[in-house]
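Me: I'm new to this one and would like to learn how to read it. Could you walk me through a few features?

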Amino acid sequence: MATAFAASGTGGQAETMPARKAGLWESTTITADQNVTARQCIDANTDQFAQGVFGGGQNCSKNTLTKTSAGYEGASACTIGTVSAIAKSMITGDFDSKIHMVVDTTLTGLPGAKEPVQRQMVIDATYLGPCETGQSPGDIILPGGKVVKMPNPAAR
């Protein structure tokens with residue numbers, strides 16, 4: 001979800017998405033290149049941290065999130081080094097059991113690309129229940145069982 005939050009333009013605007021229900025979430029991210037399923041143990045602090053910190057280091061001239069009758073629409077225009085990214089996203093779900101996100105991005109300035117590159121990312125996240133014994137909020141469990149520790153938001 002972290003990549004999605006960055007791409008959806010969730011940081012720094014008046015509108016915010018509801019917090020995800022605390023517990024273990026499984027997210028499947030589908031792109032043209034790959035499908036990845038990972039699980040993340042979250043609580044209120046790590047969810048807020050994920051929405052606010054990912055996407056840092058970008059220079060964004062536009063970063064909006066608007067509530068719609070169907071969910072939320074995000075729009076951003078950011079520069080990361082020599083690459084410019086314009087993204088639009090649609091986020092739906094109840095944030096207690098399911099979230100569905102579609103992010104369409106146009107990238108320009110990619111090394112070796114003569115024209116803008118179009119990318120789409122679809123993320124489906126499902127609440128699985130309480131975090132498993134031994135998991136800490138922020139833990140991301142990758143395919144194969146590798147655990148990535150998210151920085152502790154309280155330490156920031």
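Me: How much surface does the chain expose?

Reply: Accessible areas are worked out by the Shrake-Rupley method with a 1.4 Å probe, and for residues only the protein chains shown count as cover. Here the chain exposes about 8600 Å², with 53% of it supplied by carbon and sulfur atoms. Keep in mind that this is a predicted model, where local features need pLDDT of at least 70, side-chain atom pairs count only at pLDDT 80 or more, and totals for chains, interfaces and linings use all residues. Residues are numbered from 1 along each chain as its sequence is written, and side-chain values use heavy atoms, leaving out hydrogens and water.

Me: How many aromatic pairs does the structure hold?

Reply: Rings of Phe, Tyr and Trp (its six-membered ring) pair if their centres lie within 6.5 Å; planes under 30 degrees apart are stacked, over 60 edge-to-face, the rest tilted. This structure holds 2 such pairs. Trp25 and Tyr127 have ring centres 5.7 Å apart and planes at 70°, so they are edge-to-face.

Me: Where do Trp25 and Tyr127 lie?

Reply: Strands (E, at least two residues) are DSSP runs, numbered from the N terminus. Trp25 lies in strand 1 (residues 23-30) and Tyr127 in strand 7 (residues 117-129), so the pair ties together parts 102 residues apart in sequence.

Me: Is Trp25 buried or exposed?

Reply: Buried means under 20% relative accessible area, exposed over 50%, partly exposed in between (1.4 Å probe, protein chains only). Trp25, at 1%, is buried.

How values were computed:
Helices (H or I, at least four residues) and strands (E, at least two) are DSSP runs, numbered from the N terminus.
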